[in-house]
Amino acid sequence: MATTTARREGCLKRKRRAAGIIEGISLRSLAAERKTDSRLADYNHSVHGRQPRKPRATITLAMEIRASLSAFVNKQLSRFGYALIQTAAGRRPPYFASHQGKRYAYEPILIPDGLAPWATDDDFLAVWEKVQHNTLVDIYRCYELYQTIREIVPVPGDIVEVGVWRGGTGAALAAAAARWKPDAHVWLCDTFSGVVKASQFDSAYRGGEHADASEATVEGLLRALGLVNASILKGVFPDDTAAAIEGRRIALLHIDVDVYQSAADVVSWAAPRMAGGAVMIFDDYGFSSCKGITRLVDELRSGGEWLWFYNLNGHAILIKR
Ligand SMILES: C[S@@+](CC[C@H](N)C(=O)[O-])C[C@H]1O[C@@H](n2cnc3c(N)ncnc32)[C@H](O)[C@@H]1O
């Protein structure tokens, strides 16, 4: 009887080990939480005969040093357009930053073998060829903006971009509208004297950045693409220029203004002018330099008026319910 019970217990232990469970501890969740502590070390030692692992504090310190070192190296490399990436399978451990009472986690997001439809879209590539030198936005987000016009064809209204700089994303939107939504006009709104309304909610911007742009540059780009469906509104939006489009509806709003209060004012003005299905795309969502934008989008999300999508590429996409 005693032998049978011992056999059963042995069998049970093997099953639990195979499932990664010992004494009520899920090894997977331990690993996930990076609690490589003495319980796991003792377990490995007893089961696999391995040497006990280093104490947890040493491992955590080593990971922190590694994270700080690679953040430092990446910062230097990013000046030249390069980055260090880990090629082995698995995620890099996140690192954390707190700002104005909120805690954010960051980690490099790598998507191996992602589908790249822009690479075979000749119409888009012809546009990209012209806009790429007039934008701070990468090809992935530009393509997403361009393609979103197709999705909002049935939604009544115009296309508004606030934060135009030298016109790259605005011209891409206008090119897509000329192709798929010819009934819509494209309004390109910028101070052309840089970012405004920076506040304590913003992590890097202080105001006045990106003043190296002009109406003439944007007009030149629109001309180069043969676009006649776009107009420029120069001044702070909505304060100085929204009156020019009072009474119009908005089907797509692209907000690329870098700071919390500027974006919040744009949304307050535009949201009542957007029908169900209308789309707001925020640039800079999740970027550590634009924590004010992340804060605002998260607030809008909790309001329940919008469907929220984080596209892992710096875009938050909100669809009016
Ligand atoms: C990052 S840039 C825009 C980049 C642009 N979308 C591109 O294709 O690279 C941000 C721009 O927002 C503008 N801006 C910020 N707040 C604004 C506001 N409330 N009204 C008008 N322009 C604003 C700044 O002047 C600046 O040119």
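**Close-up views of a predicted model**

By class, the residues around the ligand comprise 12 nonpolar, eight polar and three charged. The model shown in these views is predicted.

**View 1. The shell around the ligand.** The ligand is surrounded by 23 residues. Those closest to the ligand are Thr135, Gly163, Trp165, Thr169 and Val257. Helix α7 and strand β6 each contribute at least two residues to this shell.

**View 2. The whole chain and its confidence.** The chain holds 10 helices and 11 strands. Of its 321 residues, 30% count as buried. Among contacts between residues at least 6 apart in sequence, 66% link residues at least 24 apart. The average pLDDT of the chain is 85, and 81% of the residues score at least 70. Residues 1-6 have a pLDDT below 50, and the model gives this stretch zero contacts beyond near neighbours in sequence. Residues 9-54 also stay under 50, with 31 contacts beyond four places in sequence. Where pLDDT is low, the predicted coordinates should not be read in detail.

**View 3. The largest nonpolar core.** This core is made up of 66 residues. Tyr146, Ala172, Leu173, Val186, Ala263 and Phe282 have the most contacts inside it. Helix α7 gives the largest share of the core, seven residues. In soluble globular proteins, nonpolar side chains tend to be buried together. Which residues does Val186 contact, leaving aside its neighbours within four places in sequence? Val186 is in contact with Asp158, Ile159, Gly170, Leu173, Ala174, Ala177, Asn229 and Ala230.

**View 4. Helix α8 and its two faces.** Helix α8 covers residues 215-224, and Val218, Leu221 and Leu222 are its buried residues. Seen down the axis of α8, these buried residues fall within an arc of 100 degrees, so they line one face of the helix. An α-helix has 3.6 residues a turn, so residues three or four places apart point the same way. Ala216 and Arg223 are exposed, on the face turned away from the buried side of α8. The buried residues pack against two helices, α5 (122-131) and α7 (168-180), and two strands, β6 (186-190) and β7 (230-234). Just after α8, Gly226 has a positive phi of about 70 degrees.

**View 5. The buried residues of helix α9.** In α9 (residues 260-270), the buried residues are Tyr260, Ser262, Ala263, Ala264, Val266, Val267 and Ala270. Among the elements that cover them are β5 (158-162), β8, β9 (279-282) and α10 (291-303). Ala263 is also one of the residues with the most contacts inside the largest nonpolar core.

**View 6. The loop between β6 and α8.** Lys197 lies in this loop, and so does His210. Is Lys197 buried or partly exposed? Lys197 is partly exposed, because 19 other C-beta atoms lie within 10 Å, where 20 or more would make a residue buried. His210 is buried, with 20 other C-beta atoms within 10 Å. His210 has a positive phi of about 65 degrees, although it is not a glycine. The C-alpha atoms of Lys197 and Gly207 are separated by 6.7 Å, and the two residues are 10 residues apart along the chain. Leaving aside neighbours within four places in sequence, Lys197 is in contact with Val259, Gln261 and Ser262. Ser262 is one of the buried residues of α9.

**View 7. Backbone angles at Gln100 and Pro238.** Most residues other than glycine have a negative phi, and most peptide bonds are trans. Gln100, not a glycine, has a positive phi of about 50 degrees. Gln100 is placed in the loop between β3 (95-99) and β4 (102-106). Gln100 is partly exposed, with 13 other C-beta atoms within 10 Å. The peptide bond from Phe237 to Pro238 is cis, with omega near 5 degrees. Pro238 is in the loop between β7 and β8 (250-255).

**View 8. Lys320 in strand β11.** Lys320 belongs to strand β11 (residues 316-320). Lys320 is partly exposed, with 18 other C-beta atoms within 10 Å. Lys320 and Met274 are 46 residues apart in sequence, and their C-alpha atoms are 7.4 Å apart in space. Not counting residues up to four places away in sequence, Lys320 touches Met274, Ala275, Gly276, Gly277, Ala278, Glu305 and Trp306.

Note on methods:
Residues are numbered from 1 along each chain as its sequence is written. This is a predicted model: local features need pLDDT of at least 70, side-chain atom pairs count only at pLDDT 80 or more; totals for chains, interfaces and linings use all residues. A residue is buried if 20 or more other C-beta atoms lie within 10 Å of its own, exposed if 12 or fewer, and partly exposed in between; C-beta atoms are placed from the backbone. Helices (H or I, at least four residues) and strands (E, at least two) are DSSP runs, numbered from the N terminus. The arc is that of the directions from the helix axis to the C-beta atoms. Two residues are in contact if their C-beta atoms, placed from the backbone, lie within 7 Å. A residue is near a molecule or strand if its C-beta atom, placed from the backbone, lies within 6 Å of it. Ala, Val, Leu, Ile, Met, Phe, Trp, Tyr, Cys and Pro count as nonpolar, Asp, Glu, Lys and Arg as charged, and the others, Gly among them, as polar. A nonpolar core is a set of buried Ala, Val, Leu, Ile, Met, Phe, Trp, Tyr and Cys residues joined through C-beta atoms within 7 Å. pLDDT is the predictor's confidence in each residue, from 0 to 100.
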